[in-house]
Amino acid sequence: MKYFKKSIAIAILYFALVYWQTAYSQVIENYEGTPINMTVLKGGSTDLSTLTVISNPFKTGINTSNTICYLLRDKDGIPDVGFSANKTVDFTINKFIHIKVFKTRITTVKFKVEDGLGGILEMTSTNPQTKVNQWEDLVFDFSSVTGNYTKISFMPDFIDPVGLSADTNVYFDDIILNNNPNPSNFIDELFQNSYLLYKGIRMSNGVYLDALALNGAGPKPAAIAANGIGLMSLCIADAMYIKTGDAVNWQPTANQVIATTQKFIDFKNDGKINGAGMFPRYFRWDNGSQDGSWSYEYSTIDNAIFAMGLHMCKNHFATNATIVSNVTILLSAMDYTKAIYPTQIAMILDQSGNNGTAFTIPFNEYMLVAWLAKNTNAANPGYAKSQTFWNTYFANPSTAPISRPNYFGYVTLSDGGYLSSFIPQFCYYFVNIFKNDANYMSYFTNWLNADKLYAINDGAPNTYEWGLGAGEIPGGGYSADKINDNPNKIVSPHIIAGFSPIYSNAKSDLLSLYNNGNGASIYSLPTNTAKKVLWRYKRNDTAARAFYIQAIDYSTMLFGLASLPENLGVNWFSNYNWPLDLPALSADDFSSKSDNITVYPNPFDDKIIISFKEKTSAEIHIFDVSGKQILKTKINNLTETINLPKQLQSGLYILELKTNFETFRIKIVKK
């Protein structure tokens with residue numbers, strides 16, 4: 001048991017078990033390479049239906065791929081026109097077929113599998129077609145089968161009688177098997193494209209630029225805060241890949257994290273840090289030196305965001321020894337207690353790291369700096385002052401000596417006047433205690449309501465046009481808008497997304513702004529103009545365009561969409577932004593497998609099944625990430641079903657199983 005206490009302390013760091021149960025998607029056909037050999041399902045010599053792989057004529061909505069499959073449906077063809085093909089599909093783990101279709105009429109869509117354990121099974125899509133002349137993702141549920149099926153058939157326009165007076169066109173694409181029962185939609189596209197935005201500012205050595213340049217604007221330098229967000233984006237992409245098995249839109253990213261952290265170790269070893277272990281705010285991406293006239297000052301909040309990106313990588317990739325080592329090297333040099341003064345926080349530290357040159361008082365985003373200082377090692381000379389500072393200004397927001405602006409009954413926190421809404425959002429996503437404190441969350445809700453009310457009072461014609469955020473001003477310049485200070489009447493969609501964990505209408509507001517890809521807030525990614533994101537626009541001049549999307553300001557769009565329940569959920573950030581001090585994971589802490597024991601499904605809904613090769617008596621313990629025992633029982637059968645409490649929150653748990661011969665310990669995940 002000596003390793004178990006340590007493993008419980010770090011268990012929160014490992015979201016999905018990299019184990020045999022992990023589900024990876026199977027791309028059955030995406031028509032981007034040599035297509036499978038498809039036999040047209042048609043009704044004889046008079047049926048002139050054909051199949052052709054063509055360039056995508058409708059690069060819109062959820063399908064912006066280059067090539068698709070085109071079905072010319074003969075008006076006199078059979079009801080189940082389509083194709084059949086010899087293609088092995090493995091339903092052992094993944095159970096849902098997804099296919100994108102584009103049609104001119106609404107009809108039934110079917111998918112059939114043959115030559116498997118269950119014989120022939122034909123399914124109608126679980127979500128009936130609802131759109132015409134738009135791409136729509138249709139899903140087919142094959143959870144009743146398992147194993148390999150070696151023949152597939154697709155009928156995208158089933159209707160009997162056919163009822164056509166002329167030939168018609170049907171288009172389809174991306175036949176993918178995964179474990180996601182939900183159809184893809186514009187919100188999925190925005191989430192995926194938000195990650196692509198960060199890929200677009202990642203340079204060849206793993207360093208991230210400050211912003212994505214648009215409309216022919218010149219590149220920005222690298223920025224330390226952008227690299228913190230970039231690292232978090234890699235954690236999100238990896239977690240989504242593990243959860244969905246979607247290798248088309250997400251990816252395993254451990255090697256990219258290693259590349260980025262190693263480059264900053266190189267910068268550190270080359271003397272690019274100050275005495276507090278902090279990097280310059282802006283720098284050249286290739287060598288870390290000053291880039292022209294861009295500020296080379298040591299910003300404490302920018303470095304704190306970088307540090308939080310490091311912590312989240314260390315937590316999410318806790319079993320990767322190289323990542324843990326690289327992150328530890330960088331974090332061990334950083335000392336945020338040097339930013340703490342008796343009543344202020346240093347915004348800028350000098351080269352020595354000992355002297356502040358600009359200061360702020362609580363409350364604002366510098367809560368993160370104070371949080372990192374508060375959680376320093378007790379042996380640090382600045383530990384005592386950091387505890388006093390935290391306890392005075394942050395431990396209890398209701399009694400702390402800070403400003404509390406009141407906007408028509410909505411009381412918020414501030415360092416003076418009203419704040420831009422990105423400030424509490426950064427605190428929500430980065431500072432673990434914020435989300436877990438009822439008082440802070442009450443203020444967080446007030447920020448949301450005050451932001452929305454101000455938009456109405458400021459003349460917003462639609463309820464979805466709100467969001468007091470920061471970033472490039474459409475037409476040029478930069479602003480951090482706030483209540484009573486939004487002269488350009490800017491709408492910041494990333495603020496709407498950032499409040500999604502507490503705002504149930506966030507998705508509908510974002511979809512209204514998206515407006516099927518035609519909204520005023522639509523910006524195309526330079527690397528692929530068919531890929532679109534939401535960014536700032538002026539209500540009174542919707543034609544004005546921004547020249548940059550700042551990595552740090554846009555981040556709450558990515559964070560908010562990641563927090564949706566169908567993605568990583570509201571607890572993902574609080575699971576991985578804590579703890580801040582973590583020993584490396586020992587290989588002895590957990591069993592990777594057992595020849596005698598199988599535990600499934602993992603992730604689970606409300607029960608798990610434990611199977612033994614032979615009848616065995618065993619004692620079962622299940623713990624949450626704090627070490628609290630959730631369940632204790634004994635089993636004596638070959639196979640035993642363990643029902644977990646229905647009120648368990650989504651997240652990570654530890655299952656420990658003891659027999660007379662071994663102790664088996666794994667991480668299990670509640671969906």
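Which residue of E31 does Ile610 stand opposite? In this predicted model, Ile610 stands opposite Glu640 of E31, and the two residues belong to a pair of strands, E28 (residues 607–612) and E31, that are joined in the antiparallel sense over five bridges. These strands are part of an open sheet of three strands, which follow one another in the order E27-E28-E31 with antiparallel pairing. Strand E27 (597–600) and strand E31 (639–643) form the edges of this sheet, each of them pairing on one side only. On average, and with direction ignored, neighbouring strands here are turned by 20° against each other. In general terms, the strands of a sheet pair through backbone hydrogen bonds, and the pairing may be either parallel or antiparallel.

A second open sheet contains five strands, arranged in the order E2-E5-E10-E7-E8, and its pairing is likewise antiparallel. At its edges stand strand E2 (39–41) and strand E8 (119–124), and because each has a single partner strand, one side of each is left without a neighbour in the sheet. Neighbouring strands of this five-stranded sheet are turned against each other by 30° on average, direction ignored.

The pairings within this sheet can be followed along its strand order. Strands E2 and E5 pair in the antiparallel sense over three bridges, and within this pairing Thr39 has Ser84 of E5 as its bridge partner. E5 is in turn joined to E10 by six bridges, the two strands running antiparallel, with Ala85 standing opposite Ile152 of E10. On the way to E8, strand E10 (residues 148–158) pairs with strand E7 (residues 108–116), again in the antiparallel sense and over six bridges; here the bridge partner of Glu114 is Lys151 of E10.

Strand E10 also takes part in an aromatic pair, one of the 53 counted in the model. The rings of Phe91 and Tyr149 form an edge-to-face pair, with 5.8 Å from centre to centre and 75° between the planes. Phe91 lies in the loop between strand E5 (82–90) and strand E6 (96–103), whereas Tyr149 lies in strand E10, so the pair ties together parts that are 58 residues apart in sequence.

Two helix contacts were also examined. The axes of helix H2 (residues 186–200) and helix H13 (residues 506–514) come within 10 Å and cross at roughly 85°, which means that H2 is roughly perpendicular to H13. On the side of H2, the contact is made by Phe186, Ile187, Glu189 and Leu190, and on the side of H13 by Lys507, Leu510, Leu511 and Tyr514. Divided by class, the residues of this contact are six nonpolar and two charged, with no polar residue among them.

Helix H3 (residues 224–244) and helix H14 (residues 551–562) pack at an angle of about 20°, with their axes 10 Å apart, and H3 is therefore roughly parallel to H14. The crossing of H3 and H14 is left-handed. From H3, the contact involves Ala225, Ala226, Ile229, Met232, Ser233 and Ile236, while H14 contributes Ala551, Ile552, Ser555, Leu558, Phe559 and Ala562. The contact of H3 with H14 comprises ten nonpolar and two polar residues, and no charged residues are found in it.

Methods:
Residues numbered from 1 in each chain as written. Predicted model: local features only at pLDDT ≥ 70, side-chain atom pairs only at ≥ 80, totals over all residues. Heavy atoms only, no water. Axes fitted to C-alpha atoms, helices over the stretch in contact; angles between N-to-C directions. Helix = DSSP H or I, 4+ residues; strand = E, 2+ residues; numbered from the N terminus. Parallel < 35°, antiparallel > 145°, perpendicular 65-115°, else oblique. Contact = heavy atoms within 4.5 Å. Nonpolar A, V, L, I, M, F, W, Y, C, P; charged D, E, K, R; others polar. Pairing = 2+ DSSP bridges. Left-handed = near helix turned anticlockwise from the far one by under 90°. Phe/Tyr/Trp six-rings, centres within 6.5 Å; stacked < 30°, edge-to-face > 60°.
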